Structure formats: structure tokens, C-alpha cells
Amino acid sequence: MTQDDAVVREENFAPLLTVQPFTGEEDALRLACGVDHALASSVWTADHGRVMRMAARLDFGCVWINTHMVLVPEMPHGGFKRSGYGKDLSHYGLEDYTRVKHVMHKH
């Protein structure tokens with residue numbers, strides 16, 4: 001598998017896992033963030049420092065740590081880049097369905 005393969009570059013909604021070799025954190029970040037879609041990602045490691053560094057720098061709407069596809073209604077879910085607009089779940093999802101108007105009346 002290479003970074004240029006369609007299965008790596010496109011958003012696939014299927015039980016699918018791509019495997020690409022990398023040489024370290026910077027290389028893994030370059031590969032992960034070097035795509036046009038950014039719905040979700042996951043980091044698998046026992047190294048807490050690495051998890052925190054990677055989670056902060058991964059440009060995805062959701063970053064799971066040592067798990068994948070866990071959704072809870074308290075947390076927003078939605079992507080970045082070409083993976084859609086807005087968030088589902090949580091109070092953030094309500095913002096897409098509301099319009100806020102400020103009305104000021106002085107007597």
C-alpha cells in the first residue's frame with residue numbers, strides 16, 4: 001500500500017484497514033494527515049506521552065486512543081477537511097439546526 005493508492009486517499013465506509021510502514025512519529029503524522037478526508041483516526045500505543053503528542057497533531061474530527069468507533073452522545077462526532085460539515089451528537093450538533101438572533105430593545 002502506498003500513500004497514492006485510492007484506498008488510502010479516499011473515504012471508505014467499510015470494514016477496512018490499510019497498513020503502511022512509517023519510520024517514526026513525524027512520518028506517521030505526515031502519512032495520516034496527508035489525505036483529503038479526516039473523519040476519524042485511532043492511535044494504538046501504551047506510551048501516554050506519544051498518545052498525547054499524536055492526538056494533538058492529528059487533523060481529524062475524532063481521535064480514538066486504543067479503541068475505534070466508540071461513540072457517546074456527550075461527545076461531538078464529525079470530520080474535518082472533505083469529511084463533511086458540522087458535528088452530530090452532543091450540544092454541538094444542535095448548533096447546525098438553530099439560528100441565533102440577537103434582539104435589543106430599549107424602552
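Of the 107 residues of this protein, 23% count as buried. The model before you is predicted, and the buried fraction is computed from its coordinates. The protein exposes about 8200 Å², and carbon and sulfur atoms supply 58% of that area.

Let me turn to the confidence of the prediction. The mean pLDDT is 81, and 90% of the residues reach 70 or more. Confidence is highest in helix H2, at 92, and lowest in helix H4, residues 90–95, at a mean of 69. Where pLDDT is low, the predicted coordinates should not be read in detail.

Next, the overall arrangement. The secondary structure comes to four helices and four strands. Read from the N terminus, the elements follow the order α-α-β-β-α-β-β-α. If we take the contacts between residues at least 6 apart in sequence, 37% of them join residues at least 24 apart.

I should like to begin the details with helix H2. Which residues of H2 are buried? They are Asp-27, Ala-28, Leu-29 and Leu-31. The buried residues of H2 pack against H3. As a general reminder, an α-helix has 3.6 residues a turn, so residues three or four places apart point the same way.

Helix H3 brings us to Val-51, which is found in that helix. Is Val-51 buried or exposed? Val-51 counts as buried because its relative accessibility is 5%, and the cut-off for buried is under 20%. Not counting residues up to four places away in sequence, Val-51 touches Val-43, Thr-45 and Ile-65. The C-alpha atoms of Val-51 and Asn-66 are separated by 9.2 Å, with the two positions 15 residues apart along the chain as the interval.

Asn-66 itself deserves attention. Where is Asn-66 found? It is in the loop between strand E3 (62–65) and strand E4 (80–81). Asn-66 has a positive phi of about 55°, although it is not a glycine. Most residues other than glycine have a negative phi. As for its surroundings, Asn-66 is partly exposed, with a relative accessible area of 39%.

In strand E3 we also meet Cys-62. Cys-62 counts as buried, because its relative accessibility is 13%, again under the 20% cut-off. Leaving aside neighbours within four places in sequence, Cys-62 is in contact with Leu-39, Ala-40, Ser-41, His-77 and Gly-78. Cys-62 and Ala-38 lie 24 residues apart in sequence, and their C-alpha atoms are 8.3 Å apart in space.

Finally, I come to the pockets. What is the volume of the largest pocket? It is about 1400 Å³. The lining consists of 38 residues, and the closest to the centre of the pocket are Leu-17, Thr-18, Ala-40, Ser-41 and Ser-42. Two of these names have been heard already, for Ala-40 and Ser-41 are among the contacts of Cys-62. At least two lining residues come from each of helix H1 (6–9), helix H2 (25–33), strand E1 (37–38), strand E2 (40–43) and helix H3 (48–57). By type, the lining divides into 22 nonpolar, 11 polar and five charged residues.

Methods: Residues are numbered from 1 along each chain as its sequence is written. This is a predicted model: local features need pLDDT of at least 70, side-chain atom pairs count only at pLDDT 80 or more; totals for chains, interfaces and linings use all residues. Side-chain values use heavy atoms; hydrogens and water are left out. Buried means under 20% relative accessible area, exposed over 50%, partly exposed in between (1.4 Å probe, protein chains only). On a 1 Å grid over the protein atoms alone, a cavity is a set of points where a 1.4 Å probe fits but cannot get out, and a pocket is an open set with protein on both sides within 12 Å along at least five of seven lines; lining residues have an atom within 4 Å of a point. Grid points are joined across faces, edges and corners, and a volume is the space filled by probe spheres set on the points. Ala, Val, Leu, Ile, Met, Phe, Trp, Tyr, Cys and Pro count as nonpolar, Asp, Glu, Lys and Arg as charged, and the others, Gly among them, as polar. Contact means heavy atoms within 4.5 Å. Accessible areas come from the Shrake-Rupley method with a 1.4 Å probe; for residues, only the protein chains shown count as cover. pLDDT is the predictor's confidence in each residue, from 0 to 100.
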